Amino acid sequence: MTHTAAKIGVIICSSRKPRACPQITDFIISTINSLPLRGDRINNTILTPIDLAEWNLPMFDESDVPSQVHDPSKYDHAHTRAWAAEVLKYDAFIFVVPQYNWGYPAVVKNAIDYLYHEWKGKAALVVSYGGHGGGKCNAQLRQVLCGVNMIPTQTSVELSFPGREFTVKAARGKNLELDGSGKPGTTWGGQEREQIAKAYNELLKIAGANVSESQE
């Protein structure tokens, strides 16, 4: 069976400065791109980073409830119409998100809440990170994604900072040596890559079903 290439948006869910999220997103993308192709994976998958800091959406300012807007051209603002067009490009999403005070950043909730039908039915994977992996943030965001009728993977990825030095560097936006140049035990490696690979293959199966259904 031949699968259509899945287009996957990798959302950088932090807008603070300095920040570690772009580095961690690069680590996730490079990990995925290094995975060997298998029969149960979609070939030619395209991953595209989406930086919410660059989008810089204002706090939700539409006059209508997004679930009642079925035509993206009917949104009030150009920034909403542009965001809707961006989200519609993709079959699935990976949300790369830090945990802040047991929750996720406001910037990603705001970006999600701008839309509704554009998210509906699309596969989603949450990759959280923090001192203990961001489990609370991960669970909360998965609930929100279900609220806009996305399909989260059963497997989530929680990346725990390997030590205080790593935590300090992440907070300051310093080089985390995620390219493998760091000493063992001071950065992420095989175990984290295995988590990502397992969840990603699950995402692809969901996305593949959605792509097939959309073409029927």
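# Close-up views of a predicted model

**Glycine 121 is partly exposed, with a relative accessible area of 27%.** The value falls in the partly exposed class because that class lies between the limits of 20% for buried and 50% for exposed. The model shown in this and the other views is predicted. Glycine 121 sits in a loop, with α4 (106-113) on one side of that loop in sequence and β4 (123-130) on the other. Its C-alpha atom is 21 Å from that of lysine 198, a residue 77 positions away along the chain.

**The protein chain contains seven helices and six strands.** Their order along the sequence is β-α-β-α-α-β-α-β-α-β-β-α-α. The radius of gyration is 17 Å, close to the 17 Å given by the globule rule for 216 residues, so the chain is as compact as a globular protein of that length. The C-alpha trace spans about 50 × 45 × 25 Å along its principal axes. Of the 216 residues, 47% count as buried. Among contacts between residues at least 6 apart in sequence, 80% join residues at least 24 apart.

**The surface of the protein chain amounts to about 10,700 Å² of exposed area.** Carbon and sulfur atoms supply 50% of that area. The chain carries 22 positive and 22 negative charges, and the mean positions of the two sets are 6 Å apart.

**Helix α4 has four buried residues, Val108, Asn110, Ala111 and Ile112.** Which elements are included in the cover over these buried residues? The cover includes the helices α2 (52-55), α3 (78-88) and α5 (135-147), together with strand β3 (92-98).

**Alanine 111 is located in helix α4.** Is alanine 111 buried or exposed? Its relative accessible area is 4%, and alanine 111 is therefore buried, the limit for that class being under 20%. Leaving aside residues up to four places away in sequence, alanine 111 touches Leu52, Leu57, Trp83 and Trp119. The C-alpha atom of alanine 111 is separated by 19 Å from that of alanine 20, which is 91 residues away along the chain.

**One aromatic cluster is formed by Trp55, Trp83, Tyr90, Phe93, Phe95 and Trp119.** Two of these members, Trp83 and Trp119, are also among the residues that alanine 111 touches. A search of the whole structure returns 12 aromatic pairs. In one of them, phenylalanine 93 and phenylalanine 95 have ring centres 6.3 Å apart and planes at 45°, a tilted arrangement. Phenylalanine 93 and phenylalanine 95 are both buried.

**Phenylalanine 166 and tryptophan 188 form a tilted aromatic pair.** The ring centres are 5.1 Å apart; the angle between the planes is 45°, so the pair counts as tilted. Phenylalanine 166 belongs to helix α6 (residues 164-171), whereas tryptophan 188 is in the loop between α6 and α7 (190-214), so the pair ties together parts that are 22 residues apart in sequence. Both phenylalanine 166 and tryptophan 188 are buried.

**The peptide bond from lysine 17 to proline 18 is cis.** Omega for this bond is near 0°. Where does proline 18 lie? Proline 18 is in the loop that runs between strand β1 (7-12) and helix α1 (21-33). As background, most peptide bonds are trans.

**Asparagine 101 has a positive phi, near 50°.** As background, most residues other than glycine have a negative phi. Asparagine 101 is part of the loop between β3 and α4. With a relative accessible area of 78%, asparagine 101 is exposed, because exposed means over 50%.

**Glutamate 177 also has a positive phi without being a glycine.** The angle is about 55°. Glutamate 177 lies in the loop between α6 and α7, which is also the loop that holds tryptophan 188. What class of exposure does glutamate 177 have? Its relative accessibility is 26%, so glutamate 177 counts as partly exposed.

Terms used
Residues numbered from 1 in each chain as written. Predicted model: local features only at pLDDT ≥ 70, side-chain atom pairs only at ≥ 80, totals over all residues. Heavy atoms only, no water. Helix = DSSP H or I, 4+ residues; strand = E, 2+ residues; numbered from the N terminus. Rg over C-alpha atoms; globule rule 2.2 N^0.38 Å. Buried < 20%, exposed > 50% of the residue type's maximum accessible area, 1.4 Å probe, protein only. Contact = heavy atoms within 4.5 Å. Areas by Shrake-Rupley, 256 points an atom, 1.4 Å probe, with all protein chains shown as cover. Lys, Arg positive; Asp, Glu negative; His and termini not counted. Charge placed at Lys NZ, Arg CZ, Asp CG, Glu CD. Phe/Tyr/Trp six-rings, centres within 6.5 Å; stacked < 30°, edge-to-face > 60°.
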